[in-house]
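The following exercises concern the model shown below. Each consists of a task and a solution that proceeds step by step.

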There are 2 protein chains.
Amino acid sequence: MTTIKDVAARAGVGIGTVSRVINDHPSVTADTRARVKDAIATLDYHPSRVARALSRQRSNSIAVVVPFFTHTSLTERVRGILTGLADSPFELVVFNVDHGGRRRERFARPTRRDLADGLLIVSITPSPEESQRLHDSRIPTVVIDADTDGFPSFCVDDVTGGRMAAEHLIGLGHRRIGFIGDVDPGFGFTSTPQRRVGLIQALAAIGEELHPELDRVGPHGRAVARELALEMLERPDRPTAIFAHSDTQAIGVLEASAQLGLDVPGDLSVIGFDDIEAAELVGLTTVRQPLFESGRLAAVRLLELLDNGAPGESITTMLPLEIVDRRTTGPVAGVVRQAHPTDGPE
Amino acid sequence: MTTIKDVAARAGVGIGTVSRVINDHPSVTADTRARVKDAIATLDYHPSRVARALSRQRSNSIAVVVPFFTHTSLTERVRGILTGLADSPFELVVFNVDHGGRRRERFARPTRRDLADGLLIVSITPSPEESQRLHDSRIPTVVIDADTDGFPSFCVDDVTGGRMAAEHLIGLGHRRIGFIGDVDPGFGFTSTPQRRVGLIQALAAIGEELHPELDRVGPHGRAVARELALEMLERPDRPTAIFAHSDTQAIGVLEASAQLGLDVPGDLSVIGFDDIEAAELVGLTTVRQPLFESGRLAAVRLLELLDNGAPGESITTMLPLEIVDRRTTGPVAGVVRQAHPTDGPE
DNA sequence: CTGAAAGCGCTTACAG
DNA sequence: CTGAAAGCGCTTACAG
């Protein structure tokens, strides 16, 4: 392992000088600089990152805290983060928090200033104590997809998203709409309740409501969603449309429909959320949110904070939502689609 | 930032003693140990990882080098890695190598002993020089999904995989089989050529061959595969079956068929490779390889190497391949499926 | 059992 | 411009 000493010896200078040329410090003669660079090249020297980190009190790495296993959509966000960091000198270390039970130590490790210079938190809402700890640590932090006071964040308005999905369905004449959501595994996920609120608002606007028997939640996943949908669709008074909390769950609903011999969108309309790749593959109508962009923007923002050394204003950036109308939603059976959906019936 | 000094002062001991209780060194009185632990608790002290790393010459982190953007399947592998590392003290830092052009510096950074104690290389075949450099660095390394002499690795036999796909098709009576593969973006991917060899072997066994006009490659991705398939399927002498190098590409083929109004599997059989989640969603027949397991096993193996301090025997572990027979393959048109496919025709 | 000291490999005032 | 030295926060022989 060649160190700065070896280089200094070979170039016939002090280690301070070597350090200066490594760090492009201006006050070095062109001549000595050349000699040192030569030594570096022939010895194939690379400075130790940890020694540098200890000395500078900065590690040049940023940590991402992510419940990596829960949703496919998280991967897209991480991809975005990696892209945002691509041209920076920062490494990305990933802290996988795979279940709510690890709560206690969740922010203990990455919060250490020396492990990471900055923190990216994905989809997890810190508890008040955790939030306090994060603030106390003074480590620049950016939050993605979670509602957290006190940190810059990149989110989506889930209430609006829920309303958009509902209005799309209502515009097609649907009145009896089912909802299939997530159960929070302990991360403080808030999207399910919020999207439900949006749905209820939209329903209320036309004098309808979300019937309890059509409002079901379960652990996130395709299989569970399928079971939930099966129960809902086997009822004599089954819904004419289902809004699923995620594309993954919507696909479970599609499977349930197929199993029951229901035609989509003839007998049942289905709308999801996210627009993951699979949504396009199966032609799923969905509410698109910028997954990749959320990661990229957050990374870029964090880089700025790290640059200024600023604590980061607590600004929540709302990312745009968009209906992607594909093949799983259509007019309710027996109803002619309104020319102007907003006119509403009666 | 509270350091070991603060703790020592508060407990009224030397920093050496604090270090000993942190590291569970036996030679500390129960009494002093208690005092120190107390101080640690009240000060909420956490040792600096970088100081420890510098002192111990070990960082407790492992690096994964991965072309993160190319294939969906990579994500599954990273998930497996994270799982394999879950109960270890190691952090995972990801080195994203998104294009072949970054070749030069690809292994320069992670190869630094001080940045990572061990290395996981996913799907990239190092050049001879890179391989040499890796060896010289003496950093324990495990390779996933790449053919690299000199390192333990977890792979799949792509020739066999190609043959399995082909034999599945041949068993259904197909003779005129097309192939759609990847073009290596500079990472040294070898799976396309190898799977093609398997296909050719199986074809040869029945006196057939892979016709050049049915042998197409392009950059990995659904859209490209669709174009390639379109050209192939618009020929008057179109194939009755297509073997795609990956599920993603197979799905592109499916799209091309739909576009042309071809019934699958009535007019065309399609088989993919990998068994990513989307494969199940669209009912794609495919050759399944253990993506998640490859990552998990490699991580566990690396942990063992790190434990022994051993350089790691250069053993290649071949993971099992399996045909997952779903809905996109069927008997060739006009041919009755054989009761015993292996009997073969004539 | 425990403290003082050296050392890990850098960076950065401080002199000169 | 450049060298010697202190310091970053730990670990670990070495004495005692």
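## Exercise 1: a crossover in chain B

Strand 6 of chain B, helix 8 (residues 191-205) of chain B and strand 7 of chain B form a right-handed β-α-β unit. Determine how strand 6 and strand 7 of chain B are paired.

Solution. The model is a predicted one, in which local features need pLDDT of at least 70, side-chain atom pairs count only at pLDDT 80 or more, and totals for chains, interfaces and linings use all residues. Residues are numbered from 1 along each chain as its sequence is written, and chains are lettered from A and ligands numbered from 1 in the order in which they are written.

Step 1 fixes the terms. Helices (H or I, at least four residues) and strands (E, at least two) are DSSP runs, numbered from the N terminus. Two strands pair if DSSP finds at least two bridges between them. A crossover is right-handed if, with the strands pointing away from the viewer, the path from the first strand over the helix to the second runs clockwise.

Step 2 applies them. Strand 6 (residues 177-182) and strand 7 (residues 215-218) of chain B run parallel and are joined by four bridges. Within this pair, B:I180 has B:R216 of strand 7 as its bridge partner.

## Exercise 2: strand 1 of chain A

Establish whether strand 1 of chain A is enclosed or open, and identify the strands with which it pairs.

Solution. Step 1 concerns burial. A residue is buried if 20 or more other C-beta atoms lie within 10 Å of its own, exposed if 12 or fewer, and partly exposed in between, with C-beta atoms placed from the backbone. Six of the six residues of strand 1 (residues 61-66) of chain A are buried, so the strand is largely enclosed by the rest of the structure.

Step 2 separates the two faces. In a regular strand the side chains alternate between the two faces of the sheet. Here A:S61, A:A63 and A:V65 point one way, and A:I62, A:V64 and A:V66 point the other way.

Step 3 identifies the partners. Strand 1 of chain A is joined to strand 2 of chain A by six bridges, and the two run parallel; A:A63 stands opposite A:V93 of strand 2. The chain passes from strand 1 through helix 5 (residues 73-85) to strand 2 of chain A in a right-handed β-α-β crossover. Strand 1 of chain A also runs parallel to strand 3 of chain A, with four bridges between them, and there A:A63 has A:L119 as its bridge partner.

## Exercise 3: strand 4 of chain A

Describe the neighbours and the burial of strand 4 of chain A.

Solution. Step 1: strand 3 (residues 118-122) and strand 4 of chain A pair in the parallel sense over four bridges, with A:V122 opposite A:I144. Helix 6 (residues 128-137) of chain A completes a right-handed β-α-β unit with these two strands.

Step 2: strand 4 and strand 5 (residues 153-155) of chain A pair in the parallel sense over two bridges, and A:V143 is partnered by A:S153.

Step 3: both faces of strand 4 (residues 141-144) are covered, since A:T141 and A:V143 on one side and A:V142 and A:I144 on the other are all buried.

## Exercise 4: unusual backbone geometry

Locate a cis peptide bond in each chain, and compare the settings of A:D275 and B:D44.

Solution. Step 1: most residues other than glycine have a negative phi, and most peptide bonds are trans.

Step 2: the bond from A:V264 to A:P265 is cis, with omega near 10°, and that joining B:V264 and B:P265 is cis, with omega about 5°. A:P265 lies in the loop between helix 10 (247-260) and strand 9 (269-274) of chain A; B:P265 lies in the loop between helix 10 (247-260) and strand 9 (269-274) of chain B.

Step 3: A:D275 has a positive phi near 65° and is located in the loop between strand 9 and helix 11 (277-282) of chain A. A:D275 is buried, with 24 other C-beta atoms within 10 Å. B:D44 has a positive phi of about 50° and lies in the loop between helix 3 (30-43) and helix 4 of chain B. B:D44 is exposed, with 10 other C-beta atoms within 10 Å.
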